[in-house]
Structure formats: structure tokens, C-alpha cells
Amino acid sequence: MSYNWIEASQPKVWSSESKTEWIRVSRTQPCAICKKQDWCTRATDNSVHCCMRVPSPVELSNGGHLHSGTKTPDELTAKEPSKQNQPINATAVWTRWLTYHTKSSNILDLSIELGVCAGALKRLHCVRANPRRSAFAFPMFNSYGEIVGLRLRHDDGNKTTVKGSKSGLFLPAGIGKDKYLLIAEGESDTAALLSAGMDAIGRPSCLGLISMVKGYLNRLDVIPEIVICADDDLPGLNGARKLATGLLEVTTSVRIIRPPSCKDFREWIYGGATRQSIECLIHAAKFWRGDR
């Protein structure tokens, strides 16, 4: 079908002020573009899709990309915002879940499932959500270190966010003294890199939040050597390159690494990779100087 990308890029279609209702993809209804089960969204009538992994001519403010669906933008269903879509007090929700629902045994069980250290999950401020959600929650922070959203990792493996959450970074406690700062894709890869003894922060997906990462780095006393850890697929590599180019505005020491013969760094580290293995990858990688 022909698609008017100029019209599609207008705020009435995709901005946070739009009355169009967006819903998250799920295991039963994965993203129509990348076929993944998490993080992407679509309009309720399938008119457009926001894919966080596959690029398109229209980049959205959340770091995703707009893709055409089965209808034109003029046919979008307009609905008044519901109370469920209003911003939440993410700090209060996280504190309540930490106080009333989280036990050390919960975190230990998740660490065994993911193949990471329980201490790494605690450093990422992981908590058990209220029982009806059947999920663990990872807080997402803005560049000032404030909790702005909660990402849910459900017991069935599905990933969602608490309604009203804003997208942010996974920022663990106790980092800032290492020579390297690794930037991972997702909370589990971040936990794996922490388990291997590296300093690491995470983005929710392979795209977006470049300005937030720059803001976070600018607030460090000294910016360490930046290493972007990309998943071993094309969307992951493209997202890493885009982030690397953006970070050249705040530092010249940026490198990109990928896990050898594994889909992501959690799988690689679970298979036996150590800090020494990671450092060998870093030393072999060239400093990023932009696409040329």
C-alpha cells in the first residue's frame, strides 16, 4: 500500500499528546515488524506500529520507528486518555513493592533463572511486584537518577511496563570507579555484565534514549571509556552505531563490541565468559569515529 510518511510523522499520529490509543505487543500478539514479544507498540486498530528495533523513515520521540499498518493515519481511533495512561509515581510504587512483596529468596530464584548473580539484580534495584502481576520489576531512571518508570519481567517470560511509566535507563548502585562503562541492551544483559565484574548500565532496547545517556555521562565526575554492548543481530548493531555516534558529542572514547557466537551477552557470560574475556573483546575493538 502507498503510505504518506509526511502525514504519518505529524504529532497528531504519534506524539505523547495524541489521543490515539497505543497498546504493547505481547507473546500472543507480537510486533508485526520485528516479530518480538516485548517493548514495541501498535495502534489499537493496527493502523501504525512503533517498532523499537527495525528502523523506518520516521523516528519517534521514544526512540522507536513508525511503520505503516493495515489502515491509513486518517482512520486512527481517537480516544480520550484514561486514568490508566496518566503518569504514575514510580518511586512510590517501587518502594511499596520493595517493602511488602520482595524477599531475598525471590531475587535468588530469578538470578538462577537468568544465570546471573543475585547481587547484580539487587544492584539494579530489582523487586517483586504485587502478587496479581506475577512479575519482577526493574526501575528505570532518568539522567538525574530519578525513577521514572517500571519494567516488568513476567514469570512467563513476557516483558511489559507499568502503565504510566516513562522510558529510562537501568542504573545499578555502586558503579563509577572502573576504567570502562559498558552500555547494554536490556536489564538481563546489564545484570550479566555486572555479574562478570564490569561497570554497566542498560537501555530498555537497542534504540533510543541517546540524549538521556549523554545527560547521565555529563553528570559523572570523569567519563570512563565507553563500550556499547550490542546484541548479535542487525537491529542491535545499528542501534549501537547510532548511540556511539551520539556519544561522540561528550567523549571520544567509544567502542562497540558484540558477543562471539552468541545472541547476547547474557548467553555468552552464562556460557563461561569472564571479565578477562570481555576486556579482550574491548581491546580488539576500534574506537568509533562515526559512519564513514
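In this predicted model, W268 is buried, with a relative accessible area of 13%. The cut-off explains the label: W268 counts as buried because its value falls under 20%. F265 is likewise buried, at a relative accessible area of 0%. These two residues belong to helix α9, which spans residues 265-270, and they are three residues apart, about one turn of the helix. Their rings form an aromatic pair with an edge-to-face arrangement; the centres are 5.9 Å from each other and the planes meet at 75 degrees.

How many aromatic pairs does the structure hold? There are two. Besides F265 and W268, F138 and F170 form an aromatic pair, which is edge-to-face, with 6.5 Å centre to centre and 80 degrees between the planes. Here the contact links distant parts of the chain, as the partners are 32 residues apart. F138 lies in strand β7 (residues 135-141), while F170 is found in the loop between β9 (159-161) and β10 (180-185). Are these two rings' residues buried or exposed? F138 counts as buried because its relative accessibility is 1%, and F170 counts as buried because its relative accessibility is 2%.

Aromatic rings also meet charged groups in this model. The ring of Y144 has the charged end of R219 sitting over it, 3.8 Å from the ring centre. A second arrangement of this kind involves F287: the charged end of R255 sits over its ring, at 4.2 Å from the centre.

Note on methods
Residues are numbered from 1 along each chain as its sequence is written. This is a predicted model: local features need pLDDT of at least 70, side-chain atom pairs count only at pLDDT 80 or more; totals for chains, interfaces and linings use all residues. Side-chain values use heavy atoms; hydrogens and water are left out. Rings of Phe, Tyr and Trp (its six-membered ring) pair if their centres lie within 6.5 Å; planes under 30 degrees apart count as stacked, over 60 as edge-to-face and the rest as tilted. Helices (H or I, at least four residues) and strands (E, at least two) are DSSP runs, numbered from the N terminus. Buried means under 20% relative accessible area, exposed over 50%, partly exposed in between (1.4 Å probe, protein chains only). A charge sits over a ring if NZ of Lys or CZ of Arg is within 6 Å of the ring centre and within 35 degrees of the ring normal.
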